[in-house]
Each structure stands twice: as C-alpha cells, then as structure tokens.
Amino acid sequence: MFERFTKAARSVVKGAVEHAERGGAEAVTAEHLLLALLDREGTRAAEVLGRLCPVERRESLLAALAEARRRAGLSRADSEALAELGIDVGAIVARVEETHGDGALSGGRRSSGRRPFSREAKTVLEKSLRVALARKEREIGDEHLLLALTTTGGVVAEALADHGVTYGAVDAALGTASLR
C-alpha cells in the first residue's frame with residue numbers, strides 16, 4: 001500500500017511518527033496523523049485545512065484534542081454513554097489527576113525505540129486507500145489521509161467535525177483546491 005503514497009502522504013506518516021516520538025507516546029495514533037497534516041504546507045490537504053480550519057481556529061482544535069487525551073481518549077459520545085450509566089468521566093479524570101498528576105490518563109510514556117501504529121491509525125491508512133480507490137485515483141495523497149480521518153470516528157473525527165472539517169466539507173473543498 002505504501003508504494004501508492006505520494007511524497008506528501010509519506011511526509012505526513014513520517015511527521016506522525018516524529019510527533020509520537022516527541023510526545024513520548026507508545027504508538028503513532030490518528031491524532032499524530034492529524035498533527036502532521038496540520039504541519040504541512042503547499043499540499044492539497046494543507047490548502048483545504050487552511051480554508052476549513054484557518055490558523056486562528058487551530059488552537060481550539062488542538063485544545064479539543066488535548067482535552068480528549070486528558071479523558072484517556074474518550075469521545076464525547078463515550079462520555080455521554082457512560083453518564084447515562086451514572087459514570088461521571090470528568091469526576092474520574094479529576095480524581096485520577098488529583099492522585100497521579102495532570103495528564104495521568106493521557107497514555108503511557110515510552111522513551112525510545114520504534115513506535116508501532118495504533119489500530120486506529122492503521123484504520124486511517126487503510127481507509128485512505130479505499131478513499132483514493134473510490135475517487136478513482138491511483139495514488140494516495142495527504143488529502144486522502146485527511147478524508148479518512150474524517151470518517152474513522154472517535155476523538156479526531158469528532159474534533160475535526162466540531163471545527164467544520166467533515167468529509168463533505170473536505171470533499172467539496174478539494175473540488176475547488178488550486179493545487180493539483
């Protein structure tokens with residue numbers, strides 16, 4: 001599959017690994033793929049993200065991702081479902097952080113070594129191939145990674161949707177993107 005990735009898409013994957021390493025994460029996640037996409041300039045995905053989630057709104061997007069990380073990666077839907085069962089995720093997070101420090105539920109830390117891709121990140125990569133094939137395109141570009149992130153569900157898709165970056169919006173913006 002990676003032989004189909006464009007230079008831009010390969011740079012996103014490499015950037016995701018670098019984000020995971022800098023953050024001491026155990027694995028490369030969908031969030032790392034998004035962070036790497038946000039770093040890009042001069043690509044189709046960068047242009048679309050620039051239009052749909054301009055720089056002045058990026059801080060809000062990053063804050064939403066950080067808050068989800070703080071909740072151990074639970075989406076709002078997960079938190080609401082647990083609340084219906086009488087489980088207050090916010091109270092649990094506060095209690096754990098009170099005992100173990102801020103960000104205690106953010107995931108394990110790893111100091112060195114190669115990071116595997118999480119199941120969610122692998123799903124994004126696989127979906128990017130399906131997206132490209134559905135669009136009858138031979139290569140997988142960074143725009144296909146962005147489209148896949150919007151359809152995977154979970155925290156990243158939720159945060160993107162909250163900031164106007166949905167599959168439909170990205171698809172429409174790609175139709176008018178100036179970069180080819």
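The exercises below deal with salt bridges, a nonpolar core and a charged patch in a predicted model.

Residues are numbered from 1 along each chain as its sequence is written, and side-chain values use heavy atoms, with hydrogens and water left out. Since the model is predicted, local features need pLDDT of at least 70 and side-chain atom pairs count only at pLDDT 80 or more, while totals for chains, interfaces and linings use all residues.

**Exercise 1.** Find the salt-bridge partner of Arg 44 and state whether each of the two residues is buried or exposed.

Solution. Step 1: a salt bridge requires a side-chain nitrogen of Lys or Arg within 4 Å of a carboxyl oxygen of Asp or Glu. Step 2: Arg 44 pairs with Glu 143, and their closest N and O atoms are 3.3 Å apart. Step 3: this pair links distant parts of the chain, with Arg 44 in helix 3 and Glu 143 in helix 8, 99 residues apart. Helices are DSSP runs (H or I, at least four residues), numbered from the N terminus. Step 4: buried means under 20% relative accessible area, exposed over 50%, and partly exposed in between (1.4 Å probe, protein chains only). Arg 44 is buried because its relative accessibility is 13%; Glu 143 is buried because its value is 8%.

**Exercise 2.** Locate the salt bridge between Arg 51 and Glu 47.

Solution. Step 1: the N to O distance is 2.7 Å. Step 2: both residues belong to helix 3 and stand four residues apart, about one turn of the helix. Step 3: Arg 51 is partly exposed, because its relative accessible area is 38%.

**Exercise 3.** Describe the largest nonpolar core.

Solution. Step 1: such a core is a set of buried Ala, Val, Leu, Ile, Met, Phe, Trp, Tyr and Cys residues joined through side-chain atoms within 4.5 Å. Step 2: the largest one has 42 residues, and Leu 34, Leu 37, Leu 146, Leu 149, Val 165 and Val 170 touch the most other members. Step 3: helix 2 (30–39) is one of the helices that each supply at least two residues. Helix 2 gives the largest share, seven residues.

**Exercise 4.** Which residues gather in a patch of negative charge on the surface?

Solution. Step 1: patch residues have over 30% relative accessible area and no salt bridge, and like charges are joined within 9 Å; Asp and Glu count as negative. Step 2: the patch holds Glu 18, Glu 21, Asp 39 and Glu 41. Step 3: Glu 21 lies in helix 1 (residues 7–22). Glu 21 is partly exposed, because its relative accessible area is 42%.

Notes: Patches are made of residues with over 30% relative accessible area and no salt bridge: like charges are joined within 9 Å, nonpolar side chains (Val, Leu, Ile, Met, Phe, Trp, Tyr) within 5 Å. Accessible areas come from the Shrake-Rupley method with a 1.4 Å probe; for residues, only the protein chains shown count as cover. The place of a charge is taken as NZ of Lys, CZ of Arg, CG of Asp or CD of Glu.
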